[in-house]
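Me: I'd like to practise reading a structure with you, one feature at a time. Could you show me where to look and what to take from it?

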Amino acid sequence: MPVLVRIPTPLRSITKGQSEVQATGDTVAGLVDDLDRQFPGLRERLVDESGELRRFINIYVNEEDIRFLQSKKTALKDGDQVSIVPAIAGGR
Amino acid sequence: MEKLNGLRCRECGRRYPGAPVHVCEFCFGPLEVDYRYDALKGVVTRESIAAGPPSMWRYKDLLPVDGDVAVGHHVGFTPLIRAQNLADELGCREVWIKNDSVCHPSWSFKDRVVAVAVTKAREFGFDTVACASTGNLANSVAAHAAEGRLKSFIFIPADLEQGKILATLVYNPTLVAVHGTYDEVNRLCSEIADKYRWAFVNVNLRPYYSEGSKTYGFEIVEQLGWRTPAHIIVPCAGGSLITKIWKAIKELKALGLIDGPTATKMYAAQAQGCGPIVTMIKNDTDVLVPVRPSTIAKSLAIGNPADGYYAYKTTKETGGYGEHATDEEIIDGMLLLARTEGIFTETAGGVTVAATRKLIETGVIPRHESIVICITGNGLKTPDALYGRLDAHVKIKPSLSAFDQALADLKSQTA
């Protein structure tokens with residue numbers, strides 16, 4: 001199930017400069033596993049030692065923050081779009 | 001005087017040269033401007049500050065600006081008002097209003113951050129500035145971009161108050177109304193900022209931009225005669241202002257400019273319908289749970305605040321707390337401030353006044369200690385919130401007898 005993943009600038013050194021990559025996974029957690037297979041080292045940048053998403057990373061599935069869905073267990077389907085976005089931005 | 005060391009990650013400490021970047025490449029933590037305080041000590045004095053202009057730029061040595069100020073020369077140095085009528089109403093001894101509802105030029109504290117950000121945008125050679133905004137920032141970026149002869153792209157939630165939309169459009173920016181919440185606009189802007197080489201004041205220029213908020217704190221201390229109040233109540237949206245006011249106090253203390261101990265407690269004020277930071281404080285957890293905003297305080301309607309974690313830590317570190325305000329309480333807060341002090345603030349100010357009242361009534365803030373309430377925006381921008389809430393005025397024919405009758409009616413109503 002290929003899913004389009006948007007990669008933010010700080011992670012592009014790992015994705016060989018690519019800003020968008022294809023990956024697969026039934027859930028967000030599975031997607032992170034596949035990303036790490038393709039681009040070793042990516043996982044530890046996204047999740048901490050206990051497997052939780054890092055504080056300063058937000059992940060969106062089709063523009064929806066996964067914390068409003070099922071977080072890491074959020075299901076993915078063919079054609080979904082996933083964005084990885086640094087949490088630090090904004091003001092008002 | 002070489003005062004800047006570039007940027008430094010607030011989390012892991014990794015260093016970066018001064019550049020329009022905002023996130024640590026390694027841990028995604030926020031980058032902060034790193035000052036050489038040793039070089040500033042003894043150079044920045046009460047006298048050197050007093051000799052500066054009557055604007056936020058009197059603190060220029062403590063701001064991340066290398067060269068000349070490009071825009072916003074008259075921003076800041078707003079009144080700090082002893083609010084005795086409000087204090088009497090609240091049953092308190094000493095209440096002050098730091099009134100940025102009259103900040104030049106766009107009537108909110110956002111002029112402080114934008115003046116720094118647009119000056120930096122010029123230093124970095126950008127020709128376009130941009131922002132995601134709930135309104136006040138939109139007004140300010142558009143205004144300062146006009147002054148700086150820069151192009152601007154302003155992204156807002158499409159359902160913003162008309163006043164704030166007009167007060168942006170008048171400066172002729174490209175206004176992009178996005179069908180979504182502020183948090184969705186903000187996420188979109190993070191992705192746009194990654195793709196287009198623009199100066200997003202609250203994305204890639206955020207380390208510089210946010211430093212402008214310190215001047216609000218510097219002014220409170222200077223205007224109190226170089227002392228610190230016991231309590232400061234701050235409206236929280238993204239959560240940056242409260243952390244920067246506290247940083248300002250710590251900087252002045254470190255530079256030896258404050259007499260005596262600094263035991264200021266910092267309090268976060270948020271709307272009940274969008275209060276994820278105050279919820280963290282009340283639950284005493286450093287994990288932020290984002291919310292979908294539902295409040296009349298649209299300028300505070302950020303459900304996923306970037307600095308929520310640090311705002312929580314600031315209240316915790318200082319021994320402060322936080323309080324929510326319902327929509328009714330927000331209106332009451334706006335009306336209370338207007339009725340007692342003659343200051344018309346926007347809904348965010350209503351939140352802050354209402355939260356202050358609750359913190360006093362619940363005994364969290366002692367009535368005999370000094371209190372500063374942060375009023376950061378102007379009520380004329382959001383009259384929508386009050387439509388239908390205020391009594392109709394007296395309507396009469398142009399005759400003395402009609403007035404006599406109306407006055408008699410009024411007296412009988414209030415009798």
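Me: Let's begin with a helix. Which residues of helix H11 of chain B are buried?

Reply: Happy to help, and do keep in mind that this is a predicted model. For a helix, look for the residues that are covered and then for what covers them. In H11(B), which spans residues 276-283, the buried ones are Pro276(B), Ile277(B), Val278(B), Met280(B) and Ile281(B). They pack against strand E11 (265-271), helix H12 (308-318) and strand E12 (322-325) of chain B. Look also at what follows the helix: Asp284(B) comes after H11(B) and has a positive phi, near 50°.

Me: You mentioned E11(B). How many of its residues are buried?

Reply: With a strand, check each way that the side chains point. Seven of the seven residues of E11(B) are buried, so by the cut-off each has 20 or more other C-beta atoms within 10 Å of its own. Lys265(B), Tyr267(B), Ala269(B) and Ala271(B) point one way, while Met266(B), Ala268(B) and Gln270(B) point the other way.

Me: And which way does strand E10 of chain B run relative to E11(B), parallel or antiparallel?

Reply: Here you follow the bridges. E10(B), residues 231-235, runs parallel to E11(B), and five bridges join the two. One pair to find on screen is Pro235(B) with its bridge partner Ala269(B).

Me: Chain A has a sheet as well. In what order do its strands lie?

Reply: Read a sheet from one edge to the other. Five strands of chain A form an open sheet, ordered E2-E1-E5-E3-E4, with mixed pairing. Strand E2 (20-24) and strand E4 (64-65) are the edges, each pairing on one side only. At the E4(A) edge, strand E3 (residues 57-61) pairs with E4(A) in the antiparallel sense over two bridges, and Tyr60(A) stands opposite Asp65(A).

Me: Now a single residue. Why does Gly217(B) count as buried?

Reply: Count its neighbours. Gly217(B) is buried because 29 other C-beta atoms lie within 10 Å, and the cut-off is 20 or more. This glycine sits in helix H9 (residues 214-223) of chain B. Beyond its neighbours within four places in sequence, Gly217(B) contacts Lys244(B), Ile245(B), Ala248(B) and Ile249(B). Ile249(B) is 32 residues away along the chain, yet the two C-alpha atoms are separated by 6.5 Å.

Me: Which residues have the most contacts inside the largest nonpolar core?

Reply: In a core, start from the best-connected members. Those are Val129(B) and Val234(B), in a core of 145 residues. This core draws at least three residues from each of domain 1 (1-40) and domain 2 (80-106 + 210-386) of chain B. The centres of these two domains, taken over C-alpha atoms, are 27 Å apart. Leaving aside neighbours within four places in sequence, the contacts of Val129(B) include Val118(B), Val141(B), Leu150(B) and Trp198(B).

Me: Where do the chains meet, and which helix of chain B supplies the largest share of its side?

Reply: For an interface, take the residues in contact and sort them by element and class. Here 33 residues of chain B contact 21 residues of chain A. Helices H5 (136-147), H7 (182-195) and H8 (206-209) of chain B each supply at least two residues of the chain B side, and H7(B) gives the largest share, seven residues. By class, that side has 15 nonpolar, 12 polar and six charged residues.

Me: Last one: what pLDDT does chain B average?

Reply: Where pLDDT is low, the predicted coordinates should not be read in detail. Chain B averages 96, and 100% of the residues score at least 70. For the complex, the predictor gives an ipTM of 0.88 and a pTM of 0.95.

Definitions and conventions: Residues numbered from 1 in each chain as written. Chains lettered and ligands numbered in written order. Predicted model: local features only at pLDDT ≥ 70, side-chain atom pairs only at ≥ 80, totals over all residues. Buried ≥ 20, exposed ≤ 12 C-beta atoms within 10 Å, placed from the backbone. Helix = DSSP H or I, 4+ residues; strand = E, 2+ residues; numbered from the N terminus. Contact = placed C-beta atoms within 7 Å. Nonpolar A, V, L, I, M, F, W, Y, C, P; charged D, E, K, R; others polar. Core = buried A, V, L, I, M, F, W, Y, C linked by C-beta atoms within 7 Å. Domains from an automatic or database assignment. pLDDT = per-residue confidence, 0-100. Pairing = 2+ DSSP bridges.
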